[in-house]
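Me: I'm new to this kind of model and would like to learn how to read its empty spaces. Could you walk me through them?

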Amino acid sequence: MSPTAAEAAADGATFAPHVLRWYDRHRRVLPWRAKPGDAPDPYRVWLSEIMLQQTTVATVGAYFDRFVARFPSIAALANAPLDEVLHAWQGLGYYARARNLHACARDVVTLHGGILPDSVDGLRALPGIGAYTAAAVAAIAFGCKSAAVDGNVERVVARLFAVEAPLPAAKPELRRLAETLLPDRRAGDFAQALMDLGATVCTPRAPKCILCPVQAFCRGRALGLAETLPRRRARTARPTRRGIAFWAVRPDGSVLLRRRPEQGLLGGMIEVPSTEWREQAISDVAARKQAPVRASWVRLPGTVRHTFTHFHLELAVLAGETDGKAKTVTGDWVPLDRLSEQALPTVMKKVVNHALGVARRSRR
Ligand code: SF4
């Protein structure tokens, strides 16, 4: 009779060899991953784990080599100005990660001589490194016996053990169960093997159980529940917030940009100034009172839409020409041909493209 996952858990040495044998044949080739037999580079491991938070492997793949070419080491990253790092991060989103990455590199240089700590606790103490990232980096870069439980691994474990409690409440239990599966050797390969298994075989829809190296251990499959796991608490709908952006242009063609506050959403990024973003729409009259510079504001046709994790955003745009002498509350005038050098998050690039598109169409 096949052992259940619970039985396998009693003897981690039984379960892991199946996963590791499969990994040796089917591992994904990823830009940050060491080749078989090569020692992993902790910088690349850490960087990839930060980039992969809330971003897909496909998206990160396109950025990773470019980023490493620009910042080839932790020391290079620490020595670079924050703006340069934010600029290189453009397109990956969730810019707090880039800010923490930079702060972390500086701490590693200052406190650890430029070398990442090789333990979960040492890593956890650094900016931007949470429980999952510390466990993943410790396992992959340093071979620590730590359970790196990302979304893929949560799914595999929930199915293996037929955990029916919904996420996110089930997270601690899934983590505890994942720990029971850890082998004494090849901790880094095992962590990556479970990630790969979740990404390529134990997929959210239609898991390929027939190809799965641990199907004999899988209680979820035995019970016919696999595809329904992990369960999730019903999501609440994202609210919509609204605001008005100010596209201020000087006679020399420069536009007014400003830096967002260091803390909070898109912290420290460059933006087209705007009103607050809130659920209740703001009138043009009320918005004009918050304008960053004196101008005769005209509402542009259309709306800029963007979706963040917790809300949808709709931005109207007021465009205004200034004589260039009016004092601004905050911000800098930036020539149009230098906009691409600014650390503009995606939502602000949409505002820029919208305003430039309207201007182009009105000239035709
Ligand atoms: Fe996932 Fe199926 Fe493998 Fe179970 S047998 S771990 S459900 S792929």
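Reply: Happily! Keep in mind that this is a predicted model. Let's begin with the second largest cavity, which has a volume of about 60 Å³.

Me: How does one find empty space in a protein to begin with?

Reply: Rolling a probe the size of a water molecule over the atoms shows where empty space is left. In this structure, two cavities of 30 Å³ or more turn up.

Me: Which residues line the second largest cavity?

Reply: Its lining is made of Ser146, Ala147, Ala148, Val149, Val153, Ala178, Leu182, Phe190, Ala191 and Leu194. Helix 12 (residues 187-200) gives the most to this lining, with three residues. Sorted by class, the lining of the second largest cavity has nine nonpolar residues, one polar residue and no charged ones.

Me: And how much space lies in the largest cavity?

Reply: The largest cavity holds about 120 Å³ of space. It is lined by 15 residues, and those closest to its centre are Arg159, Cys202, Cys209, Cys212 and Cys218. Helix 10 (residues 151-160) supplies the largest share of the lining, three residues. By class, the lining of the largest cavity divides into eleven nonpolar, one polar and three charged residues.

Me: Where does the ligand sit?

Reply: The ligand sits in the largest cavity. Around the ligand you will find Arg159, Val201, Cys202, Cys209, Cys212, Gln215, Cys218, Arg221 and Ala226. This shell has six nonpolar, one polar and two charged residues.

Me: What about pockets? How much space lies in the second largest one?

Reply: The second largest pocket has about 560 Å³ of space. Among the 26 residues that line this pocket, Gly93, Tyr94, Tyr95, Leu266 and Phe308 are the closest to its centre. The elements that give two or more residues to its lining are helix 7 (96-112), strand 5 (304-307) and helix 15 (346-363). By class, the lining of the second largest pocket has ten nonpolar, 13 polar and three charged residues.

Me: One last thing, about a single residue. Is Arg260 buried or exposed?

Reply: A residue counts as buried when its relative accessible area is under 20%. Arg260 has 14% relative accessibility, so it counts as buried. To find Arg260, look in the loop between strand 2 (255-259) and strand 3 (270-271).

Me: Which backbone atom lies 3.1 Å from a polar atom of the Arg260 side chain?

Reply: That is the backbone oxygen of Leu265.

Note on methods: Residues are numbered from 1 along each chain as its sequence is written. This is a predicted model: local features need pLDDT of at least 70, side-chain atom pairs count only at pLDDT 80 or more; totals for chains, interfaces and linings use all residues. Side-chain values use heavy atoms; hydrogens and water are left out. A residue is near a molecule or strand if one of its heavy atoms lies within 4 Å of it. On a 1 Å grid over the protein atoms alone, a cavity is a set of points where a 1.4 Å probe fits but cannot get out, and a pocket is an open set with protein on both sides within 12 Å along at least five of seven lines; lining residues have an atom within 4 Å of a point. A molecule sits in a cavity or pocket if more than half of its atoms lie within 2 Å of its grid points. Ala, Val, Leu, Ile, Met, Phe, Trp, Tyr, Cys and Pro count as nonpolar, Asp, Glu, Lys and Arg as charged, and the others, Gly among them, as polar. Grid points are joined across faces, edges and corners, and a volume is the space filled by probe spheres set on the points. Helices (H or I, at least four residues) and strands (E, at least two) are DSSP runs, numbered from the N terminus. Buried means under 20% relative accessible area, exposed over 50%, partly exposed in between (1.4 Å probe, protein chains only). A polar contact is a pair of N or O atoms within 3.5 Å; within protein, one must be able to donate a hydrogen and the other to accept it, and residues adjacent in sequence count only if both atoms are side-chain atoms.
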